[in-house]
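This report describes a single protein chain for a reader who is beginning to study molecular structure. Please keep the sequence and the three-dimensional view at hand while reading.

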Amino acid sequence: MAETAMELNGLTKKIGSKKIIKDLDFEIHKGEVFGFLGPNGAGKTTTIRMMVGLMGITGGDVRILGKSVKSDFKDAIREVGAIVENPEMYPFMTGMQNLKHFARMSPGVTKERISQVIRLVGLENAIKTKVGRYSLGMRQRLGIAQALLHDPSVLILDEPTNGLDPAGIREIRKYIRRLADEENVAVIISSHLLSEIELMCDRIGVIKNGELIGIQSVHEQQAEEDPVREVRVEADPADSAVQVLKTHHGIEAGEDQGFLTFSAKKSLMPSIVTSLVSADVLVYRVEVSSASLEDKFFDLIGENVIG
């Protein structure tokens with residue numbers, strides 16, 4: 001069983017008489033990337049600020065490797081690295097000078113550890129360049145390196161790919177996965193980029209109006225034995241294909257921009273294609289969809305837009 005790196009037990013935040021974070025209970029395991037999702041104003045940043053001690057906890061607790069943020073703050077927070085806003089670095093200093101400056105704030109950070117985190121985020125060739133000349137993606141990677149200097153068990157990243165181009169996003173994704181897989185770090189990511197969360201994360205927790213409304217494995221849909229899929233088939237003649245689908249498989253097909261559309265279990269697709277071809281229907285293209293994280297997200301929050 002995976003070791004728990006962080007757990008939230010009944011975590012609650014009140015402002016005045018209004019409860020804005022409502023009894024959150026979940027845990028994050030070592031070596032996993034956990035996506036923390038929700039519409040704007042759902043409470044993601046408030047929760048993260050309580051996780052790292054930037055905001056007081058009204059009720060419940062956050063425990064990091066079993067240590068309480070409320071009652072044992074110094075020992076608990078020593079296990080955490082975080083970028084809650086954009087990483088702030090000194091642009092007139094090199095990447096190495098920045099890391100050495102931050103290393104002085106954490107006792108026990110060795111030269112070897114600085115070299116190790118530089119390699120982890122792939123900045124060996126740029127570390128002696130002034131940060132003012134870094135791309136946004138390079139600054140994000142340097143920020144992650146800085147957050148890792150003291151060898152934390154948990155890394156919290158709030159919108160780590162904000163403002164990055166596709167190449168920069170791919171770089172950050174690669175290094176985050178490396179941290180989890182090779183360093184056994186628990187990585188918590190708050191983000192609106194659902195497609196990136198799907199590629200990066202192992203599980204997601206969805207929050208809405210301060211309440212946790214679901215935790216899912218990103219890939220659990222893929223593990224279903226025989227899920228129903230949305231299917232699009234380009235076939236000629238279309239009317240013959242519609243008749244075959246109805247007669248042989250009891251499927252009512254619609255039409256959309258030259259495609260026949262219908263729902264069917266994945267295991268039925270070979271026999272469907274075979275029956276179409278046997279009826280002298282020409283099959284040019286078959287598209288079988290898979291449920292995306294975006295579909296799951298909107299199913300959970302019950303909305304059609306992110307607010």
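## Glu211 and Asp23

Glu211 belongs to strand 10, which covers residues 211–217. The model under discussion is a predicted one. With a relative accessible area of 41%, Glu211 is partly exposed, because partly exposed residues fall between the limits of 20% and 50%. Leaving aside residues up to four places away in sequence, Glu211 touches Lys22, Leu24 and Val206.

Asp23 is far along the sequence from Glu211: the two are 188 residues apart. In space, however, 7.3 Å separate Glu211 and Asp23, C-alpha to C-alpha. Asp23 is part of strand 2, residues 18–29. Its relative accessible area is 43%, and Asp23 therefore counts as partly exposed.

## Backbone features

Most residues other than glycine have a negative phi, and most peptide bonds are trans. Which residues have a positive phi without being glycine? Asp23 is one of them, with phi near 55°. Glu159 is another example, with a positive phi of about 55°.

Glu159 is placed in the loop between strand 7 (154–158) and helix 6 (166–183). Because its relative accessibility is 14%, under the limit of 20%, Glu159 counts as buried.

The chain also contains a cis peptide bond, which joins Asp236 and Pro237, with omega about 0°. Pro237 occupies the loop between strand 11 (228–236) and helix 9 (238–249).

## Separations along the chain and in space

The table sets separation in sequence beside the distance between C-alpha atoms for several pairs.

| Pair | Separation in sequence | C-alpha distance |
|---|---|---|
| Glu211 and Asp23 | 188 residues | 7.3 Å |
| Lys74 and Asn86 | 12 residues | 24 Å |
| Met138 and Val154 | 16 residues | 21 Å |
| Ser71 and Pro166 | 95 residues | 42 Å |

Some residues in the table can be placed further. Lys74 lies in helix 2. Is Lys74 buried or exposed? Lys74 is exposed, because its relative accessibility of 64% is over 50%.

Ser71 is located in the loop between strand 5 (67–68) and helix 2. Ser71 has a relative accessibility of 64% and therefore counts as exposed.

Met138 is a residue of helix 5. When residues up to four places away in sequence are not counted, Met138 touches Leu123 and Ala126.

## The nonpolar cores

In soluble globular proteins, nonpolar side chains tend to be buried together. In this model, the largest nonpolar core has 42 residues. Which of them touch the most other members? They are Leu99, Leu142, Ile144, Leu149, Leu155, Ile176 and Val187. A second, separate core has 27 residues, including Ile21, Ile28, Val84 and Ile188.

Leu99 can be examined individually. Residues up to four places away in sequence being left out, Leu99 touches Ile114, Val117, Ile118, Ile127, Leu142, Ala145, Gln146 and Leu149. Leu142 and Leu149, two of these contacts, are also listed among the core residues that touch the most other members.

## The largest pocket

Rolling a probe the size of a water molecule over the atoms shows where empty space is left. The largest pocket holds about 530 Å³ of space. It is lined by 19 residues, and those closest to its centre are Val80, Gly81, Ala82, Gln146 and His150. Gln146 thus belongs to the lining of the pocket and also touches Leu99.

Which elements supply at least two residues each to the lining? They are helix 2 (73–77), strand 6 (80–83) and helix 5 (136–148). Strand 6 gives the largest share, four residues. By type, the lining divides into 12 nonpolar, five polar and two charged residues.

## The two domains

At the level of the whole chain, the model is divided into domain 1, residues 4–217, and domain 2, residues 228–288. The centres of domain 1 and domain 2, taken over C-alpha atoms, are separated by 47 Å.

Terms used:
Residues are numbered from 1 along each chain as its sequence is written. This is a predicted model: local features need pLDDT of at least 70, side-chain atom pairs count only at pLDDT 80 or more; totals for chains, interfaces and linings use all residues. Side-chain values use heavy atoms; hydrogens and water are left out. On a 1 Å grid over the protein atoms alone, a cavity is a set of points where a 1.4 Å probe fits but cannot get out, and a pocket is an open set with protein on both sides within 12 Å along at least five of seven lines; lining residues have an atom within 4 Å of a point. Grid points are joined across faces, edges and corners, and a volume is the space filled by probe spheres set on the points. Ala, Val, Leu, Ile, Met, Phe, Trp, Tyr, Cys and Pro count as nonpolar, Asp, Glu, Lys and Arg as charged, and the others, Gly among them, as polar. Domain bounds come from an automatic or database domain assignment. A nonpolar core is a set of buried Ala, Val, Leu, Ile, Met, Phe, Trp, Tyr and Cys residues joined through side-chain atoms within 4.5 Å. Buried means under 20% relative accessible area, exposed over 50%, partly exposed in between (1.4 Å probe, protein chains only). Contact means heavy atoms within 4.5 Å.
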